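Subject: Handover of a structure

Dear colleague,

Please find below the structure that I am handing over to you, followed by an account of what was found in it.

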Amino acid sequence: MMEETREVQGTWDLSTLKFRIEGVGLRRMLDGMKEGKLIGTKCHKCGTVYLPGPFNCRKCHIAINEPAEVSDHGEIMTFTIGYADVRGNPLEEPRVAPVVKLDGCDSWIMGVLQGVKPEDVHVGMRVKVQWAENLTGSLQDMAYYVPE
Amino acid sequence: MDNKVAIVGFRMAAAPDIEITRERLAFNLTRGLFDDLGIERDDVGTTIICSNDFLDGRTISNVFLDPHVGAYMKDESKVEMDGLNALAYAAMRILSGQYETALVASLGLTGSQASPYLHIEYTMDASYDRPMKLLNELAAAALQAKSYLAEHGYSEGLLDEVAAKDLANAAGNPNQARRMPGITAEQVAASAMYYEPLRELHCYPPTDGGCMMLLASEKKAGELCDKPVWILGMGRSTDNYYLGDRDLATSLSASQAAAKACEAAGIKDPAGEIDFAEISSLFAHQEPLFAEAMGLMESGKAPDAYRAGDTAINGRLPINPSGGPLGGHPISSTGLIRAAETVLQLRGEAGENQVTKADVALVHGQDGLCAQQSVVFVLGT
Ligand SMILES: [Zn+2]
């Protein structure tokens with residue numbers, strides 16, 4: 001370190017920050033998951049289906065609130081296989097993380113893929129949601145993807 | 001200014017707790033503005049989002065606000081300062097000739113979701129001011145207040161009079177967050193002491209809110225509204241960062257920004273030619289301090305001016321007829337709200353707070369500790 005440079009200890013405390021998040025689309029999705037269903041929101045003007053559903057359509061700039069069930073089957077649009085965490089520490093097992101376009105939905109949703117060797121995963125591969133044994137209405141209900 | 005830029009419409013909101021998400025606030029205000037003007041998002045040439053990453057809890061926070069202000073897949077840029085800076089940016093984009101319309105979308109939620117003082121705390125010098133823990137936004141404002149009062153030999157009663165005038169104006173303004181009908185200088189003087197000489201009611205209240213404003217070129221303005229308000233001049237100035245290198249008894253940033261804006265507008269005697277002013281005084285002492293610095297009030301005569309009612313809604317040169325930031329300070333939006341309130345006055349639509357003569361007005365915005373930066377606009381019909 002150069003003689004002119006010094007280090008001082010500082011803090012960056014954001015503990016007083018709160019977030020308020022949109023609840024309608026997320027609540028609709030979680031309620032559906034209790035029944036093993038995926039419910040998004042459809043724009044009544046342009047037909048775009050979002051999951052989880054937002055309160056407005058980004059294309060039309062209008063408020064939307066029409067429930068739309070989407071399939072729990074879909075197609076891998078892209079994927080990555082993680083061998084390390086973001087700081088470079090190796091994972092115990094490689095983790096396959098695809099982004100899936102579920103049938104009838106315009107949004108893509110990321111998750112974990114199991115039941116297939118990393119070298120056999122490919123873009124365009126058909127997969128389906130493996131639901132958790134006990135559905136509780138939480139994001140963990142959609143446990144992981146498996147090959148269709 | 002040679003080319004003309006008009007303010008053609010706006011929507012604003014402020015409350016102690018707006019009770020919705022920032023995304024929905026952004027959407028509701030822009031959707032409402034588009035409906036007012038009979039336009040859709042495709043009619044907007046460029047959008048300037050003005051918000052504070054620190055308060056939004058996400059860096060580059062415009063990335064999640066884009067869809068809500070109609071800027072999805074469109075020309076959009078960001079200002080991380082007061083909304084009046086965003087207004088200057090948007091006006092310059094129209095003056096470039098590239099755009100016929102520009103939307104300024106500003107919001108800040110410090111009433112319900114983050115401490116309003118936090119982001120200023122983290123503008124402090126990390127090697128001295130932060131570890132010492134002596135300086136914060138309120139303490140700095142108090143230092144400025146004391147310096148200003150001492151410079152002119154004013155009593156602390158001036159602060160009570162300023163605050164009582166502003167809070168009474170705010171009570172009559174449906175767009176304000178802090179509304180205390182019947183407030184008196186005695187009640188202000190009895191409020192809790194924060195940092196001497198500043199009491200609770202001398203300071204802005206934590207506020208949620210936002211303001212969306214559409215600008216248009218001269219050609220487009222006539223199509224969009226019947227009563228365009230014109231930008232006659234604008235100016236900006238930035239003082240030293242370090243408080244110890246500034247004269248806190250006055251505001252160089254305000255005086256220089258105002259001088260530039262007035263020169264552009266062809267105004268030689270602000271006190272004589274400006275009909276009224278909306279000033280971003282976050283603390284009571286800042287209103288006369290900036291008014292003196294900007295040439296709206298004779299230096300050293302502030303107590304006389306307030307006592308004579310010169311700054312009242314029906315006074316010689318009304319200041320903050322809206323109630324000003326003591327009635328609400330949604331960070332990032334405050335200066336833009338001053339502009340919106342000015343437009344209401346210039347259009348004769350300010351209701352019970354309407355001033356009698358409203359042809360030319362001065363609008364002031366600020367950023368940083370003790371208004372390190374000032375932005376001034378001169379607006380007219
Ligand atoms: Zn749509």
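To begin with a single residue, Cys43(A) is buried, as its relative accessible area is 1%; buried means under 20% relative accessible area, exposed over 50%, and partly exposed in between, with a 1.4 Å probe and protein chains only. Please note that this is a predicted model, in which local features need pLDDT of at least 70, side-chain atom pairs count only at pLDDT 80 or more, and totals for chains, interfaces and linings use all residues. Residues are numbered from 1 along each chain as its sequence is written, chains are lettered from A and ligands numbered from 1 in the order in which they are written, and side-chain values use heavy atoms, with hydrogens and water left out.

The zinc site

Cys43(A) is one of the residues that coordinate the zinc ion: the SG atoms of Cys43(A), Cys46(A), Cys57(A) and Cys60(A) do so at 2.3 Å. Donors here are N, O and S atoms within 2.8 Å of the metal (3.2 Å for Na, K and Ca); water is not among the atoms, so sites may look incomplete. Along the chain, the donors have the spacing C-x2-C-x10-C-x2-C. The arrangement is tetrahedral because the four donor atoms subtend angles of 106 to 114 degrees around the zinc ion; four donors count as tetrahedral if all angles lie between 85 and 135 degrees. Cys46(A) is partly exposed, at 37% relative accessibility.

Salt bridges

Over all chains, the count comes to 27 salt bridges, each being a side-chain nitrogen of Lys or Arg within 4 Å of a carboxyl oxygen of Asp or Glu. In one of them, Arg11(B) meets Asp36(B), with an N to O distance of 2.9 Å. Arg11(B) lies in strand E1 (residues 5–15) of chain B and Asp36(B) in helix H1 of chain B, so this pair ties together parts 25 residues apart in sequence. Helices (H or I, at least four residues) and strands (E, at least two) are DSSP runs, numbered from the N terminus. Arg11(B) is partly exposed at 32% relative accessibility, and Asp36(B) is partly exposed with a relative accessible area of 47%.

A salt bridge also joins Lys78(B) to Asp53(B), whose closest N and O atoms are 2.7 Å apart. Here Lys78(B) is in strand E3 (residues 76–79) of chain B and Asp53(B) in helix H2 (residues 53–56) of chain B, 25 residues apart. Asp53(B) is buried, with a relative accessible area of 18%. In chain A, a network of salt bridges links Asp103(A), Arg126(A) and Glu148(A).

Pockets

A pocket is, on a 1 Å grid over the protein atoms alone, an open set of points where a 1.4 Å probe fits, with protein on both sides within 12 Å along at least five of seven lines; lining residues have an atom within 4 Å of a point. The largest pocket has a volume of about 710 Å³, a volume being the space filled by probe spheres set on the points, which are joined across faces, edges and corners. Its lining has 38 residues, and those closest to the centre are Ile120(B), Thr123(B), Gly368(B), Leu369(B) and Cys370(B). H7(B) gives the most to this lining, with five residues.

The second largest pocket holds about 520 Å³ of space. Of its 20 lining residues, Glu22(A), Pro52(A), Gly53(A), Pro54(A) and His68(B) lie nearest its centre.

Yours sincerely

Technical notes. Tetrahedral: all angles 85-135°; square planar, octahedral: opposite > 155°, others 65-115°.
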